[in-house]
Amino acid sequence: MTENTLVYPPRVTAFTRTFWDGLRDGTFLTTRCQDCGHMTFPPKPVCPECWKSNVEWVELSGRGVLVSYTEVSAAPQMFEHEAPYTLCIVDLDESVRCVSRVLAAWDDLAPDARVRLKIRDSVPTPLFEFVLDTDDELEV
Ligand SMILES: [Zn+2]
């Protein structure tokens, strides 16, 4: 156990392994239906629009806007040591929605704020969370 070891790691399946391996390599992946073009997040082996399983892996930008957010003070037992933390809903620029944590001071958050993905180095899988996407935080 290291300080990066997750107490409640995501469940990795034969299908989702591609997503988690991608995250480890610094890419944020999801699936797009090759029949109707619908993109989903999280990745799904079957298209929820047309119910076909002809999906392909595509890379997301990891950038989007904050739709909503809330601070969690009374956390589930496995996350109590991390509370308080802030959960958010983000609409990515590719028009898919995801739920995650956002790492920012509460007073700096606002609806429609630009956010970008940040990959957290953890074991056994990396995690993704969001940070505010301001010019001075751009990584070179
Ligand atoms: Zn489809």
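The C-alpha centres of domain 1 and domain 2 lie 21 Å apart in this predicted model. The first of these domains spans residues 11-60 of the protein chain, and domain 2 spans residues 62-139. Contact between the two involves 11 residues of domain 1 and 11 residues of domain 2. On the side of domain 1 that touches domain 2, the elements giving two or more residues are H1, strand S1 (28-33) and strand S2 (39-40). H1 provides the largest share of that side, with 3 residues. Sorted by class, the side of domain 1 that touches domain 2 holds 7 nonpolar, 3 polar and 1 charged residues.

**Overall architecture**

The protein chain contains 1 helix and 8 strands. Read along the sequence, these elements follow the pattern α-β-β-β-β-β-β-β-β. The C-alpha atoms fill a box of roughly 45 × 35 × 35 Å, taken along the principal axes. The radius of gyration of the protein chain is 16 Å, which agrees with the value near 14 Å for a compact globule because that value is the one for a chain of 140 residues. Buried residues make up 14% of the 140 residues in the protein chain. Among contacts with a separation of 6 or more, 50% are accounted for by residues 24 or more positions apart.

**The barrel**

In the protein chain, 5 strands close into a barrel in the order S4-S5-S6-S8-S7, and the pairing is mixed. Neighbouring strands of this sheet are turned by 50 degrees against each other on average, direction ignored. Strand S7 takes part in two of the pairings described here, one with S4 and one with S8. The following table sets them side by side.

| Strand pair | Residues | Sense | Bridges |
|---|---|---|---|
| S4 and S7 | 63-72 and 114-120 | antiparallel | 3 bridges |
| S7 and S8 | S8: 127-132 | antiparallel | 6 bridges |

Individual residues give the register of these pairings. Between S4 and S7, Gly64 stands opposite Val115 in S7, while Val65 stands opposite Arg114 in S7. In a regular strand the side chains alternate between the two faces of the sheet. Further along S7, Ile119 stands opposite Phe128 in S8. The link from S7 to S8 is a hairpin through 6 residues.

**The segment before the helix**

Arg11 is found in the segment before helix H1 (17-24). Is Arg11 buried or exposed? Arg11 counts as exposed because it has 7 C-beta neighbours inside 10 Å, and the cut-off for an exposed residue is 12 or fewer. Although Arg11 and Thr125 are 114 residues apart along the chain, their C-alpha atoms are separated by 9.4 Å.

Notes:
Residues are numbered from 1 along each chain as its sequence is written. This is a predicted model: local features need pLDDT of at least 70, side-chain atom pairs count only at pLDDT 80 or more; totals for chains, interfaces and linings use all residues. Helices (H or I, at least four residues) and strands (E, at least two) are DSSP runs, numbered from the N terminus. The radius of gyration is taken over C-alpha atoms; the globule rule is 2.2 Å times the number of residues to the power 0.38. A residue is buried if 20 or more other C-beta atoms lie within 10 Å of its own, exposed if 12 or fewer, and partly exposed in between; C-beta atoms are placed from the backbone. Two residues are in contact if their C-beta atoms, placed from the backbone, lie within 7 Å. Two strands pair if DSSP finds at least two bridges between them. Axes are lines fitted to C-alpha atoms, for helices over the stretch in contact, and angles run from 0 to 180 degrees between N-to-C directions. Domain bounds come from an automatic or database domain assignment. Ala, Val, Leu, Ile, Met, Phe, Trp, Tyr, Cys and Pro count as nonpolar, Asp, Glu, Lys and Arg as charged, and the others, Gly among them, as polar.
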